[in-house]
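Me: I'm new to this structure and would like a close look at a single part, the surroundings of the ligand. Please start there, then lead me outward to whatever else helps me find my way.

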Amino acid sequence: MTFGVDFPSTFKPRESFDEGESQNLKETWGLFKETIASDEAGFFYANSNKELRGDSKRVFEKFRHKKYFVHVGIGGSSLGSSTLVEALGKKDKKKNIFFLDNIDPEETYDLLSSIKLKETLFYFVSKSGGTAETLAIFSLVLNQLRQEGIDKEEWKDSIVCATDPNSGALRDLVNRYKLDSLSIPSNIGGRFSAFTPVSYLPALFAGIDIDLYCLGAEKLKKSLLDEELKDNSLLKCALYLKSLKDSKRINQTVFMPYSSKLKLLSSWFVQLWAESLGKKNSFSKENVYEGLTPISAYGVTDQHSQLQLFMEGPRDKCILFLQIKSFKHDFELKSPFEEEPFTKLNPHSLSDLMRAEFRGTLRALEEEGRPYIHFTIPSLNEETLGMVILFFQSLTVFMGQFLEVNPFDQPGVELGKKFSFELLATKKEEEKKSHSKEGFTYV
Ligand code: PA5
């Protein structure tokens, strides 16, 4: 299979189960299949929805003349898109694609003052259509456009939105100002939206083939759904992580691709894993405080940073390595020097060194008796990234089932959002009372 999965010889997943366990596994498997086919979870089959791709391509054709593309969204409404652009975007195109996923005034200023607003397409992405950060940037961009002489009649030449097809503040604005828009299906939430227009439009601007990206996911699907459970890599990985947690209290998951281009994939994984699995209440009990803590890393750089901790620190981590077997570009390391350590490098290429460092790390972990899962893809391209993304989305949902939590909601985040709006309202009241413009502190 193109997407390889392997385990350390010293720390293999269990392969035999008694009758009761096998029955439980079959039930969990059945539940997973039910979940991905249900109305609640649209993510698993989104890649085969041609309409979502077609709509994105139409919008891209209309705006492809724009020199700059600014994606505004936060959390799941940004991370899948920036991961894709960072990993696969064409060099000359991605230099004009920007992601505003924060409300830092300095960063916002730097970006807006470095581009020509009239030559920019702003892409506002919010599934709920009501996220304060995204709407705040929306408002200030409108002010900036006005200062450039672009008034509401012309907003449609500079703005496209992606949001829920039917509801939310952003959808209302789309309708009111006749803006172009793309739909995020109602049953797909932010962190599961990597196969929707949320990612498709920026990917098209970055010169990425979204059909191949979706094809990759499609190709993997067959093996994900393999009924031969003992060979099913999704089930094996989920079982491995679950048994490490139950029997060894290993509850931290490090995600470590060996690739700079996949650095953001680690951030994407962190958000997906944390927001989906970290829950106060399970399906049947309150106050269980469930979760697996994700840690973002990338090789080889983190070999000189976090790896020391992973190797010798607390025995509470499992590392998910992602290795790219072959790189598109490579360099010979032959030098004119005939002394150590150059003589060791001379016969090799840069990718040989990366491979050796990776293999060395695996060996050292094995010797230390540390658990890991070793994922491989033959090379980094649209198809393989599509596979990787669908695999980890599916693994997250599967783990949600094992941990008995709902991977699709985020009540903690929602509570924070609610309190922020309440505090803003309090501030307005206080200002009214004191007629003062001075700052204030929340405590
Ligand atoms: O993954 C999620 O559901 C969240 O991280 C959301 O994407 C994030 O809170 C932004 O929400 P929205 O897309 O509604 O603006």
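Reply: Let's start at the ligand: one of its oxygen atoms is 2.8 Å from a polar backbone atom of Lys 127. That is a polar contact, meaning a pair of N or O atoms within 3.5 Å; within protein, one atom must be able to donate a hydrogen and the other to accept it, and residues adjacent in sequence count only if both atoms are side-chain atoms. Before going on, please keep in mind that this is a predicted model, where local features need pLDDT of at least 70 and side-chain atom pairs count only at pLDDT 80 or more, while totals for chains, interfaces and linings use all residues. Residues are numbered from 1 along each chain as its sequence is written, and side-chain values use heavy atoms, with hydrogens and water left out.

Ser 128 takes part with its side chain: an N or O atom there is 2.6 Å from an oxygen atom of the ligand. Arg 191 uses its backbone instead, placing an N or O atom 2.8 Å from a ligand oxygen. On its own the ligand has 380 Å² of accessible area, and the protein covers 92% of it. (Accessible areas come from the Shrake-Rupley method with a 1.4 Å probe; for residues, only the protein chains shown count as cover.)

Stepping back a little, 14 residues surround the ligand, the closest being Ser 77, Ser 126, Ser 128, Thr 131 and Gln 271. A residue is near the ligand if one of its heavy atoms lies within 4 Å of it. By class, this shell holds nine polar, four charged and one nonpolar residue. Here Ala, Val, Leu, Ile, Met, Phe, Trp, Tyr, Cys and Pro count as nonpolar, Asp, Glu, Lys and Arg as charged, and the others, Gly among them, as polar.

Now let's leave the ligand and look at pairs of opposite charge. A salt bridge is a side-chain nitrogen of Lys or Arg within 4 Å of a carboxyl oxygen of Asp or Glu, and the whole structure has 18 of them. In one, the side chains of Arg 53 and Asp 211 meet at 2.9 Å, N to O. The two partners are 158 residues apart, Arg 53 in helix α2 (residues 50-63) and Asp 211 in helix α9 (residues 210-224), and the pair links distant parts of the chain. Helices (H or I, at least four residues) and strands (E, at least two) are DSSP runs, numbered from the N terminus. Arg 53 is buried, with a relative accessible area of 10%, whereas Asp 211 is partly exposed at 32%. Buried means under 20% relative accessible area, exposed over 50%, and partly exposed in between (1.4 Å probe, protein chains only). Lys 57 joins in as well, linked with Arg 53 and Asp 211 in a network of salt bridges.

Helix α9 has another pair to show you. Glu 218 forms a salt bridge with Lys 221, their closest N and O atoms being 3.2 Å apart. These two are separated by about one helical turn because they are three residues apart in α9. Lys 221 is buried at 4%, while Glu 218 is partly exposed at 29%.

In helix α16, Glu 422 and Lys 418 are four residues apart, about one turn of the helix. Their side chains meet in a salt bridge at 3.3 Å, N to O. Both ends are partly exposed, Glu 422 at 39% and Lys 418 at 45%.

The loops have a few backbone features too. Val 300, in the loop between β8 (293-296) and α12 (307-312), follows a cis peptide bond from Gly 299, with omega near 0°. A cis bond also joins Glu 340 and Pro 341, with omega about 0°, and Pro 341 sits in the loop between β9 (317-324) and α13. Lys 178 has a positive phi near 50° without being a glycine; this residue belongs to the loop between α7 (169-177) and β6 (180-183) and is exposed at 63% relative accessibility.

Our last stop is helix α13, where Phe 342 is found. Phe 342 joins Phe 331, Phe 337, Leu 345, Leu 350 and Leu 353 in a nonpolar surface patch, with about 500 Å² of accessible area together. Helices α13 (342-345) and α14 (350-368) each supply at least two of the patch residues. Patches are made of residues with over 30% relative accessible area and no salt bridge: like charges are joined within 9 Å, nonpolar side chains (Val, Leu, Ile, Met, Phe, Trp, Tyr) within 5 Å.
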